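Work through the exercises below with the sequence and the model open. Try each task before you read its solution.

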Amino acid sequence: MNILKDVILAPYTTFKIGGPARYFCVVHDQFDALEAFEFAEKHRLQTFVLGGGSNLLVSDEGFNGMVIKVEDKGIEILSQDDNQVLLKVASGEVWDKVVEFAVKNIWWGMENLSHIPGSTGAIAVQNVGAYGQEAKNIIESVVVFNRETHEIQNLSSNDCKFGYRSSIFNTAQKGKYIIFYITFKLSKTARPILNYRDLKLQFPEGGGQLNEIRQAVVKIRDIKFPFPTEAKKGNAGSFFKNPILAQSEFNELKARLQSGFNKEVADVLEKKKFTDNAQLKIPAAFLIDICGLKDLEKGGAAINHNQPLVIINKTGAATAKDVLDLANRVKSAVQNKTGIELQFEPELIGF
Ligand SMILES: Cc1cc2nc3c(=O)[nH]c(=O)nc-3n(C[C@H](O)[C@H](O)[C@H](O)COP(=O)(O)OP(=O)(O)OC[C@H]3O[C@@H](n4cnc5c(N)ncnc54)[C@H](O)[C@@H]3O)c2cc1C
């Protein structure tokens, strides 16, 4: 395995931003992983496991440690019957290609998660979710390399403790595992999930063929989330999470909007609130919008007008500092005007 020095990380991220990694290697299996971790331990280096770089902001100074990029490949049907299929997918497979493959085979479950950049392994890390579906609903188990014991382990979906944009992989056990495979449980009988507002509008009668739902998701996403095919469209998806509130907190927010803005704004909040996994959420985009931040820019970075949750590398030459300054300005303005503290969704590396 080749261990490279001073590798610029910007091309490995969808923001197209970020300085060098002191060391960088590509791993395909547990033997490469062992070698990488042994090297890191010997040289007392921090490590960071990289997938497709679509949920990260890497600092302009880069990462003073070892970046381990996972590039294993392969898709295998483990078992199937008339109702379901168990599909084992290697971490390094491009996620949207896997969704496309499932849709072509008329296997239900992944379609609402169409057109999300990144690799398959990372799907389990933040329990990726979109349009009413979450990874946890289709993940049967996850095969990992444990860097402490050097063993391959099979973790059940329960072991992964999935929550809203969270799992053991980005909380309690962060850094302990490299995910090598995910087994998905997909349905052969139609299970359209169309309760999300934008999708409901596309399928007012319900129903819908699997490939029609995928196409609808792609169409909706293309309006809101610039697909990061070039530096000028660089982004990491939603930069802010949707706040989860208890009913009492929601009531306080509503009262604050009524006094700080006006009754109409407070009424719109009532309409915009939604329930997800029995949790009351409010769209962070709405808060950013009412605070008048939709056209904010800093250096080369800008809030994406069509979906203000997204920060975009507008000039293609934005720095990580531009992005973070902009994100912090949004965060403090929203907090001052609404009392809500927004949380960042992408991981900050090397800050
Ligand atoms: C345009 C756009 C739209 C997006 N839309 C959504 C959306 O709708 N919903 C959503 O949830 N996210 C969305 N995202 C965020 C992102 O695409 C997902 O979080 C994606 O799963 C990240 O995958 P990645 O391979 O790029 O991970 P990376 O960004 O490379 O890494 C993310 C995290 O996962 C860890 N990781 C990656 N691979 C492994 C592995 N094999 N083993 C252990 N840890 C690993 C990394 O260490 C890091 O902590 C969007 C991003 C963009 C750019």
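**Exercise 1. A buried asparagine**

Task: find which residues Asn127 touches, not counting residues up to four places away in sequence.

Solution. Start with the ground rules. This is a predicted model, where local features need pLDDT of at least 70, side-chain atom pairs count only at pLDDT 80 or more, and totals for chains, interfaces and linings use all residues. Residues are numbered from 1 along each chain as its sequence is written, and side-chain values use heavy atoms, with hydrogens and water left out.

Step 1. List the contacts (heavy atoms within 4.5 Å). Asn127 touches Glu134, Ala135, Lys136, Phe162, Gly163, Arg165 and Ser166.

Step 2. Place the residue. Asn127 sits in the loop between H2 and strand E8 (129-130). Helices (H or I, at least four residues) and strands (E, at least two) are DSSP runs, numbered from the N terminus.

Step 3. Check exposure. Buried means under 20% relative accessible area, exposed over 50%, and partly exposed in between, with a 1.4 Å probe and protein chains only. Asn127 counts as buried because its relative accessible area is 0%.

Step 4. Look for a polar contact. This is a pair of N or O atoms within 3.5 Å; within protein, one must be able to donate a hydrogen and the other to accept it, and residues adjacent in sequence count only if both atoms are side-chain atoms. The Asn127 side chain reaches the backbone nitrogen of Ala135 at 3.3 Å.

**Exercise 2. The nonpolar cores**

Task: identify the residues with the most contacts inside the largest nonpolar core.

Solution. Step 1. Define the set. A nonpolar core joins buried Ala, Val, Leu, Ile, Met, Phe, Trp, Tyr and Cys residues through side-chain atoms within 4.5 Å.

Step 2. Read off the result. The largest core holds 43 residues, and those with the most contacts inside it are Trp95, Met110, Ile139, Val142, Phe169, Phe184 and Leu186.

Step 3. Map it to elements. Strand E7 (84-90), helix H2 (95-104), strand E10 (139-146), strand E12 (177-187) and helix H4 (210-224) each supply at least two residues of this core.

Step 4. Zoom in on Phe184. Beyond its neighbours within four places in sequence, Phe184 has contacts that include Val85, Leu87, Trp95, Met110, Ile123 and Ile139.

Step 5. Look elsewhere. Apart from the largest core lies another, of 39 residues, among them Phe240, Cys291, Leu342 and Phe344. In soluble globular proteins, nonpolar side chains tend to be buried together.

**Exercise 3. Cavity and pocket**

Task: determine what lines the largest cavity.

Solution. Step 1. Set up the grid. On a 1 Å grid over the protein atoms alone, a cavity is a set of points where a 1.4 Å probe fits but cannot get out; a pocket is an open set with protein on both sides within 12 Å along at least five of seven lines; lining residues have an atom within 4 Å of a point. Points are joined across faces, edges and corners, and a volume is the space filled by probe spheres set on them.

Step 2. Count and size. There is 1 cavity of 30 Å³ or more. The largest cavity has a volume of about 40 Å³.

Step 3. Name the lining. It consists of Leu9, Tyr12, Thr13, Phe48, Leu50, Leu56, Val58, Val67 and Ile349. Strand E3 (47-50) and strand E4 (56-58) each supply at least two of these residues.

Step 4. Follow Leu9. Leu9 lies in the loop between E1 and E2. Its relative accessible area is 4%, so Leu9 is buried.

Step 5. Turn to the second largest pocket. About 330 Å³ of space lies in it. Of its 19 lining residues, the closest to its centre are Thr14, Gly51, Gly52, Val94 and Gly118.

**Exercise 4. Positive phi**

Task: for Tyr131, decide whether the residue is buried or exposed.

Solution. Step 1. Recall the background. Most residues other than glycine have a negative phi.

Step 2. Note the angle. Tyr131 has a positive phi of about 50° although it is not a glycine.

Step 3. Locate and classify. Tyr131 lies in the loop between E8 and strand E9 (133-134). At 8% relative accessibility, Tyr131 counts as buried.

Step 4. Take Lys16 as a second case. Its phi is near 60°, also a positive value in a residue other than glycine. Lys16 is partly exposed, with a relative accessible area of 30%.
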